[in-house]
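I opened a fresh page for this chain. My plan was to look up the core, then one helix pair, then the overall dimensions.

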Amino acid sequence: MPFCEDELIAGFQAAFHTADVPIIVRSPGRVNIIGEHTDYNDGFVLPAAIDRAAYVAVHKRDDRIVSLYAAAFDEYHEVSLSELVKQEDHWSNYVLGIADQLMKSGIDFSGFTLYLTGDIPIGAGLSSSAAVECATLFALDALFDLGLTRAEMVHLAQRAEHEFAGVKCGVMDMFASLFGKKGHVLNLDCRSLLYDYVPLDLAGYKILLLNTNVRHKLSSSEYNTRREQCEQGVMWVREQHPEVRALRDVTLEMLERIVLPKDEIIHRRCTYVVEENKRLTDACRDLKNGDLKALGQKMYQTHEGLRTLYEVSCRELDFLVDHMRQEASVIGARMMGGGFGGCTINLVREHDVQSILPKVEDAYRAATGLELTSYLASIEDGTGLYPATTDTDGITALRQHEIRKTAATSHRQHLHT
Ligand code: GLA
């Protein structure tokens, strides 16, 4: 349910007892059709921004205070820019991590008040954290006229996630949120950051997200461990193939010859990533050819790889994928995102969505004792000023803002990574 501008302004004014009118930014969550745990291995991903988003309403202050309010928790948090500290598992990390990165980049700005709301379910694997980071960054960029490009924002938000939230994530979530385009998936090369927009023509099928409503505790620590295991595999391969920089450059043959004799678990992790990169390339071809059934089969294969080789699935996710696979009107299903809970992504014949849902809800409850939540995701535009108004020349307010910014980018070369 999209938020309306007046409601957001009223929320901001009530939270901070002010008549100031804030600027508002919307930054969406994401789905990923295929290409999981490939981003931090210099591989490929196929994400898209969705109709669920984080919204921030932001206004400048004259002092160095950052004053935050999160509607979801009805909670305030106030801190000075000179003493930004992270708090374990706290929502403020996603906002303060951005302020921290801007300061570390030598960018000068004052305090601000920020009202945070949104409708991305937290912990569902739809990247609510990246959405908050990107919304904050985009808003501060507009507020203080920083002139950042979207590519710079991707890197800053990723570093904020690494340093303030403690997850060594790849670029996929930020990229999808910032670069999403209505009706399209992004075929992103996470090494070069070159991307194509591929039209997502689902011809009578829908993207149905099924939320397990579980998030197992080890998700962040296991995520970082997987990343280290991939890096270890690459280091071993490099001893014989110095040109190799990441799993992107590695073949199954190299893994079998070099990594398997050293460590069977690391061999399995790396095998999954190498196979997943290949699957994504093939899946893009399926999508361009309109062969959704072939794409769906690859989603099942991805799930199998994540379950048995990468070992980031869990009982609840496996149950949902196994259950949906039995339905004739489901052509593909898999766990999505980092793993250990969150959502599965399913391609379901539109006509049958309503009849399938009660069945899977009952089955899930009977098997796990938990309630299932479902969302039909539509593919929308990425981060922008909200609402994205269009003037008489057909140029959106967001585009105008970016045209102004392009002129002011030259002094920030140091931000490029
Ligand atoms: C999380 C991370 C992403 C990506 C996925 C797995 O969403 O934030 O960078 O690694 O997991 O594909």
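Before looking for cores I fixed the term: a nonpolar core is a set of buried Ala, Val, Leu, Ile, Met, Phe, Trp, Tyr and Cys residues joined through side-chain atoms within 4.5 Å. I also noted that this is a predicted model.

Entry on cores. I found 114 residues in the largest nonpolar core, and the ones with the most contacts inside it are Val31, Leu102, Phe112, Ile207 and Leu209. Helix α3 (residues 128-143) contributes the most to this core, eleven residues. I then listed a second, separate core of 15 residues, with Leu208, Val321, Met324 and Leu372 among its members.

Entry on isoleucine 207. Setting aside neighbours within four places in sequence, I listed its contacts, including Val31, Ile33, Leu200, Leu202, Ile345, Asn346 and Tyr375.

Entry on a helix pair. How do helix α7 and helix α8 cross? The axes of α7 (residues 252-259) and α8 (residues 264-288) come within 10 Å and cross at roughly 170 degrees. Angles over 145 count as roughly antiparallel, so I recorded α7 and α8 as roughly antiparallel to each other. On the α7 side I noted Leu252, Leu255, Glu256 and Val259; α8 supplies Ile266, His267, Cys270, Thr271, Val274 and Glu275. By type, the contact residues are six nonpolar, two polar and two charged.

Entry on the whole chain. I counted twelve helices and 13 strands. The C-alpha atoms fill a box of roughly 60 × 55 × 45 Å along the principal axes. The radius of gyration is 21 Å, which agrees with the value near 22 Å for a compact globule of 417 residues. Buried residues make up 59% of the 417.

Methods: Residues numbered from 1 in each chain as written. Predicted model: local features only at pLDDT ≥ 70, side-chain atom pairs only at ≥ 80, totals over all residues. Heavy atoms only, no water. Axes fitted to C-alpha atoms, helices over the stretch in contact; angles between N-to-C directions. Helix = DSSP H or I, 4+ residues; strand = E, 2+ residues; numbered from the N terminus. Parallel < 35°, antiparallel > 145°, perpendicular 65-115°, else oblique. Contact = heavy atoms within 4.5 Å. Nonpolar A, V, L, I, M, F, W, Y, C, P; charged D, E, K, R; others polar. Buried < 20%, exposed > 50% of the residue type's maximum accessible area, 1.4 Å probe, protein only. Rg over C-alpha atoms; globule rule 2.2 N^0.38 Å.
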